[in-house]
Amino acid sequence: MTLADPISIDGGLVRSTFFCQFLADILGREIICSQIDELTALGCATLANDQVRKIPMKIAAGVVARFFPAAIARDDLRARHKDAIGRARGWR
């Protein structure tokens with residue numbers, strides 16, 4: 001895997017186009033969202049089924065969306081994020 005390879009994500013946050021675009025922008029990588037929200041859970045269930053029933057299941061999970069990184073100043077965003085985390089750690 002290289003920094004040019006896309007990152008595949010699943011879970012509830014794939015429903016948020018804002019989050020997916022933010023992730024693509026901040027990482028500078030293409031983000032691929034699975035058609036199935038909980039692909040990890042489905043994969044675990046499939047493995048369990050294969051061991052118990054010995055009946056192979058096939059998962060057909062297509063791509064529902066792709067997000068490409070925008071041309072932004074990532075270093076500036078990362079510096080601002082680091083600053084925000086530092087400030088948040090001091091809250092009581």
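The exercises below, each followed by a worked solution, deal with a predicted model.

**Exercise 1. Placing strand 2**

Determine which strands pair with strand 2, and in which sense each of them runs.

Solution. Begin with strand 1, residues 7-9, which pairs with strand 2 in the parallel sense over three bridges. Within this pairing, I7 stands opposite I31 of strand 2. Follow the chain between the two strands next: the path leads from strand 1 through helix 1 to strand 2, and the resulting β-α-β crossover is right-handed. Then turn to strand 3, residues 63-67, which is joined to strand 2 by four bridges and runs antiparallel to it. In this second pairing, the residue opposite I32 is R66 of strand 3.

**Exercise 2. The two faces of strand 2**

Decide whether the faces of strand 2 are covered or open, and assign the residues to their sides.

Solution. The step that sorts the residues rests on a general point: along a regular strand, side chains alternate between the two faces of the sheet. In strand 2, one side carries I31 and C33, while the other carries I32 and S34. These four residues are all buried, and both faces of the strand are therefore covered, given that buried means under 20% relative accessible area.

**Exercise 3. Two cysteines without a bond**

Explain why C33 and C20 are not joined by a disulfide.

Solution. Start from the total, which is zero disulfides in the structure. C20 accordingly takes part in none, and its nearest cysteine sulfur, which belongs to C33, lies 3.4 Å away. Now compare this distance with the cut-off: a disulfide requires the two sulfur atoms to be within 2.5 Å, so the 3.4 Å between the sulfurs of C33 and C20 is too far for a bond. As a last step, consider the accessibility of each residue: C20 is buried at a relative accessible area of 0%, and C33, at 1%, also counts as buried.

**Exercise 4. The salt bridge of E30**

Identify the residue with which E30 forms a salt bridge, and establish where the two residues are located in the chain.

Solution. First locate E30, which is found in the loop between helix 1 (17-27) and strand 2 (31-34). Next list its contacts beyond the residues up to four places away in sequence: E30 touches P6, I7, R66, F67, F68 and P69. Among these, R66 is the salt-bridge partner, with the closest N and O atoms 2.6 Å apart. The pair links distant parts of the chain, since R66 belongs to strand 3 and the two residues are 36 residues apart. Finally, compare the surroundings: E30 is buried at 16% relative accessibility, whereas R66, at 45%, counts as partly exposed.

**Exercise 5. A salt bridge within a helix**

State how many salt bridges the structure holds, and describe the one between D83 and R87.

Solution. The structure holds two salt bridges. As a general matter, side chains of opposite charge can pair when their charged atoms come close. The side chains of D83 and R87 meet at 2.9 Å, N to O. Both residues lie in helix 3, residues 74-89, and because they are four residues apart, about one helical turn separates them. For accessibility, note that D83 is partly exposed, with a relative accessible area of 41%, while R87, at 56%, counts as exposed.

Technical notes. Residues numbered from 1 in each chain as written. Predicted model: local features only at pLDDT ≥ 70, side-chain atom pairs only at ≥ 80, totals over all residues. Heavy atoms only, no water. Contact = heavy atoms within 4.5 Å. Buried < 20%, exposed > 50% of the residue type's maximum accessible area, 1.4 Å probe, protein only. Pairing = 2+ DSSP bridges. Right-handed = clockwise from strand over helix to strand, strands pointing away. Salt bridge = Lys/Arg side-chain N within 4 Å of Asp/Glu carboxyl O.
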